[in-house]
Amino acid sequence: MGELGFSWCSVLAVFSLVLNAAVFCNGGITSTFVRKVEKTVDMPLDSDVFSVPPGYNAPQQVHITQGDHVGKGVIVSWVTVDEPGSNIVLYWSDNSKQKNKAKGTTVTYKFYNYTSGYIHHCTIKNLKFNTKYYYEVGIGHTIRTFWFTTPPEVGPDVPYTFGLIGDLGQSYDSNKTLTHYELNPTKGKTLLFMGDLSYADNYPNHDNVRWDTWGRFIERSAAYQPWIWTAGNHEIDFAPEIGETKPFKPYTHRYHVPYKASNSTAPFWYSIKRASAYIIVLSSYSAYGKYTPQYKWLEKELPKVNRSETPWLIVLMHSPWYNSYNYHYMEGETMRVMYEPWFVQYKVDVVFAGHVHAYERSERVSNVAYNIVNGICIPASDQSAPVYITIGDGGNLEGLATNMTEPQPKYSAFREASFGHAVFDIKNRTHAYYSWHRNQDGYAVEADSMWFFNRFWHPVDDSTSAQS
Ligand SMILES: [Fe+2]
């Protein structure tokens with residue numbers, strides 16, 4: 001018996017060594033989930049999700065975003081196609097019959113042989129926190145009514161739930177992603193969008209009709225809760241071959257953001273406070289080197305974040321800094337070199353990016369020690385560093401990124417080539433529950449999750465590998 005016991009111990013010891021070796025050789029987990037094999041294709045123009053609302057000059061493509069720095073403002077945007085119509089938004093709170101009026105502006109633009117409809121933007125200011133409001137657009141012809149709920153007043157222990165989608169596009173898979181987000185029982189109250197909206201630029205002459213269809217597609221969510229916008233490469237629409245040389249023309253005409261409220265000088269980088277979160281949006285496709293407007297803005301912005309007011313510091317950008325897929329590999333590297341020391345210094349909790357059409361979550365790592373001559377250039381575990389999440393898996397027509405670098409780098413905690421969405425559910429100043437939902441499982445199943453410990457208030461190791 002003694003011998004048998006000894007030999008079993010030996011076997012177990014060897015087995016556990018092999019297991020440990022497997023864990024330590026790989027950076028983290030590469031999911032074995034096998035994705036569906038069908039091609040990703042755009043929904044046809046006559047799809048019901050693109051349908052034009054009935055009625056003369058009916059407002060369409062209605063969407064809202066935050067309209068000030070603290071969440072008491074909302075920008076309402078919509079398009080009319082027959083004539084300019086009214087710029088007015090009528091709005092009233094749930095418990096009041098008194099209708100208030102806000103006046104907006106109208107813009108149009110041409111892109112090669114395309115002429116836009118009348119694009120309206122109206123900022124409603126000084127709303128009450130934590131209040132449901134109804135609003136009407138299309139006054140005078142065909143009125144349409146929607147509603148939204150303002151966030152609670154900014155404060156350190158205010159629970160709040162953000163949804164996360166990137167690189168959505170307008171394919172059948174995009175529709176699944178959006179539907180799953182809408183049906184997720186952990187109701188997202190505001191959507192953080194990591195860039196690459198319509199993918200209209202994949203069509204001949206960047207067919208801007210696909211910007212219109214995308215606006216109608218997302219209305220069912222974006223008219224009722226704010227979508228916080230980040231610019232991606234598909235927003236650049238730079239096409240000198242057809243005479244279109246002004247970058248971001250369709251995007252900036254269609255999607256307004258409250259950049260002036262955070263003293264930004266351009267709509268591509270800005271910040272908002274919302275509940276207990278401070279959200280900084282950066283642009284991978286605007287100059288970010290030293291002395292540039294974005295650099296100077298971010299340098300002044302980070303010290304302004306008061307973690308006693310907004311404990312959760314979240315950064316959005318399009319091109320990821322830590323990515324282990326063979327797609328867009330190292331495209332975020334130059335920006336990482338410029339800004340990563342600040343992210344560590346100011347203890348950013350999490351960075352969300354898109355661009356790579358797959359899912360990945362990093363460990364808390366930094367790579368800031370290198371000074372050209374010292375050779376210290378490998379990402380190191382760093383509890384002051386953010387977790388980097390790539391969530392460019394909204395489902396656009398370009399399909400999934402399936403080819404990964406091997407072996408999985410140590411900085412990569414979990415990666416999987418599936419479409420999906422995520423939810424960041426802030427509980428209080430110390431804890432937030434994050435979950436990623438692959439489309440194949442429906443909306444209620446998590447394929448990846450993590451309890452985030454706030455870097456300022458509870459800077460305890462929260463890595464999933466440390467817990468296992
Ligand atoms: Fe992209």
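Two strands count as paired here if DSSP finds at least two bridges between them. With that in hand, let us start at β2 and β3, which pair in the antiparallel sense over five bridges. One pair to look for is I64, which stands opposite V76 in β3. Strand β2 is also mostly covered, with seven of its seven residues buried.

Before going further, please keep in mind that this is a predicted model. The protein chain has a mean pLDDT of 93, and 93% of its residues reach 70 or more. Residues 1-25 are a stretch to treat with care: pLDDT stays under 50 there, and the model has two contacts beyond four places in sequence for them.

Back to the strands. β2 and β3 belong to an open sheet of four strands, ordered β2-β3-β9-β6, with antiparallel pairing. Its edges are formed by β2 (60-66) and β6 (105-107), each of which pairs on one side only. On average, neighbouring strands of this sheet are turned by 20° against each other, direction ignored. Moving across from β2, you come to β3 (residues 74-80), which is joined to β9 (residues 118-124) by seven bridges, the two strands running antiparallel. Within that pairing, S77 has H121 of β9 as its bridge partner.

What does the record say about this part of the chain? For residues 58-153, UniProt lists "domain: Fibronectin type-III", in an unreviewed entry. In the model, that span is 52% strand and 0% helix, and its end C-alpha atoms lie 34 Å apart.

Now turn to another sheet, an open one of six strands in the order β14-β13-β12-β23-β24-β25. Its pairing is mixed, and its edge strands, each pairing on one side only, are β14 (227-228) and β25 (448-453). Inside the sheet, β23 (residues 420-426) runs antiparallel to β24, with seven bridges joining the two. If you would like a landmark for this pairing, take G420, whose bridge partner in β24 is R438.

Strand β24 (residues 431-438) also holds Y434, a good residue to stop at. Is Y434 buried or exposed? Its relative accessibility is 0%, so Y434 counts as buried. Leaving aside neighbours within four places in sequence, Y434 touches a long list of residues, including L164, F352, I389, F424 and F452. Y359 and R361 are also among its contacts, and with Y359 there is a polar contact between the two side chains, at 3.0 Å. For a sense of how distant parts of the sequence come together, look at G163: it is 271 residues from Y434 along the chain, yet the two C-alpha atoms are separated by 9.9 Å.

R438 leads us on to S31, a residue from the other end of our tour. S31 sits in the loop between β1 (29-30) and β2. Beyond its neighbours within four places in sequence, S31 is in contact with F414, R415, E416 and R438. With E416 the link is a polar contact, side chain to side chain, at 2.7 Å. S31 has a relative accessible area of 17%, and because the cut-off for buried is under 20%, S31 counts as buried.

Finally, a few backbone details deserve a look. Most residues other than glycine have a negative phi, and most peptide bonds are trans. Against that background, K347 stands out with a positive phi near 55°. K347 lies in the loop between α6 (333-345) and β18 (350-353), and with 30% relative accessibility it is partly exposed. I372 is another non-glycine residue with a positive phi, of about 80°. Its place is in the loop between β19 (359-366) and β20 (380-381). Where K347 is partly exposed, I372 counts as exposed, at 68% relative accessibility.

Which two residues are joined by a cis peptide bond? They are E406 and P407, with omega at about -5°. P407 belongs to the loop between β21 (387-391) and β22 (412-416).

Key
Residues are numbered from 1 along each chain as its sequence is written. Side-chain values use heavy atoms; hydrogens and water are left out. UniProt positions are given in the numbering used here, feature names are shortened, and annotations may be inferred rather than shown by experiment. pLDDT is the predictor's confidence in each residue, from 0 to 100. Contact means heavy atoms within 4.5 Å. Buried means under 20% relative accessible area, exposed over 50%, partly exposed in between (1.4 Å probe, protein chains only). Axes are lines fitted to C-alpha atoms, for helices over the stretch in contact, and angles run from 0 to 180 degrees between N-to-C directions. A polar contact is a pair of N or O atoms within 3.5 Å; within protein, one must be able to donate a hydrogen and the other to accept it, and residues adjacent in sequence count only if both atoms are side-chain atoms.
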